[in-house]
Amino acid sequence: MAATVLFTITGGEVIPEIEMPVSATILELKKKIESVLNLKAERQTLRHDNEELNNDRTIAYYDFKKNVATLVLHFKPLSGKPKFDITVKDGDDEFNVKVKETTSIAGLIKKIEKCMGCPIKYMNLYHLSTKIEEEDLPITAYYIFEGSEIEVKYVRFY
């Protein structure tokens with residue numbers, strides 16, 4: 001069995017874990033992150049202990065101790081601050097909302113409330129199984145990018 005490293009990806013409110021073989025390159029790790037977070041590999045910068053990881057190096061090159069590592073993910077913003085669609089799923093129903101990377105969570109909530117005709121106090125929003133709570137943060141803090149999906153779960157009052 002090939003040796004692997006379990007990476008914890010920090011830098012946002014969502015903290016995914018990704019396991020990769022030590023023979024993989026950093027670029028391959030970034031492509032795996034892209035498949036999980038919907039953030040293009042070319043926009044990503046990964047750091048470990050304040051060192052930027054080089055796309056062409058293998059994971060083995062960095063000799064992560066005990067085959068676990070915490071990486072910090074940074075990303076380059078989209079140029080021109082374009083608007084893009086994200087999908088909001090409410091059970092079997094879904095709709096798109098136009099946002100920018102600079103949109104705040106509070107701004108996103110207002111758009112969802114308007115489309116659904118329901119105040120947020122009756123809903124919880126999730127992205128990548130993480131509850132969205134910090135309204136003053138930009139949507140990118142939750143790795144919400146073009147093509148992302150937001151799940152709506154209704155609050156039950158007893």
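In this predicted model, Y126 stands opposite E151, a residue of strand 10. That pair belongs to a wider arrangement, in which strand 8 (residues 123-127) and strand 10 run antiparallel and are joined by 4 bridges. Strand 10 also pairs with strand 6 (residues 84-90), but here the two run parallel and 3 bridges join them; within this pairing, T87 stands opposite E149. The table sets out the two partners of strand 10.

| Partner of strand 10 | Direction | Bridges | Residues standing opposite |
|---|---|---|---|
| strand 8 (residues 123-127) | antiparallel | 4 bridges | Y126 and E151 |
| strand 6 (residues 84-90) | parallel | 3 bridges | T87 and E149 |

The loop between strand 9 (130-131) and strand 10 (149-154) holds T140. Because its relative accessibility is 10%, and buried means under 20%, T140 counts as buried. Leaving aside residues up to four places away in sequence, T140 touches F75, E101 and F145.

Seen as a whole, the protein chain contains 2 helices and 10 strands, and from the N terminus on these elements follow the order β-β-α-β-β-β-β-β-α-β-β-β. Of its 158 residues, 37% are buried, and among contacts between residues at least 6 apart in sequence, 57% join residues at least 24 apart. The C-alpha trace spans about 55 × 40 × 25 Å along its principal axes.

For residues 3-67, an unreviewed UniProt entry gives the annotation "domain: Ubiquitin-like". This span is 18% helix and 29% strand, and its end C-alpha atoms lie 8 Å apart.

Key: Residues numbered from 1 in each chain as written. Predicted model: local features only at pLDDT ≥ 70, side-chain atom pairs only at ≥ 80, totals over all residues. Heavy atoms only, no water. UniProt positions renumbered as here; feature names shortened; annotations may be inferred. Buried < 20%, exposed > 50% of the residue type's maximum accessible area, 1.4 Å probe, protein only. Contact = heavy atoms within 4.5 Å. Pairing = 2+ DSSP bridges.
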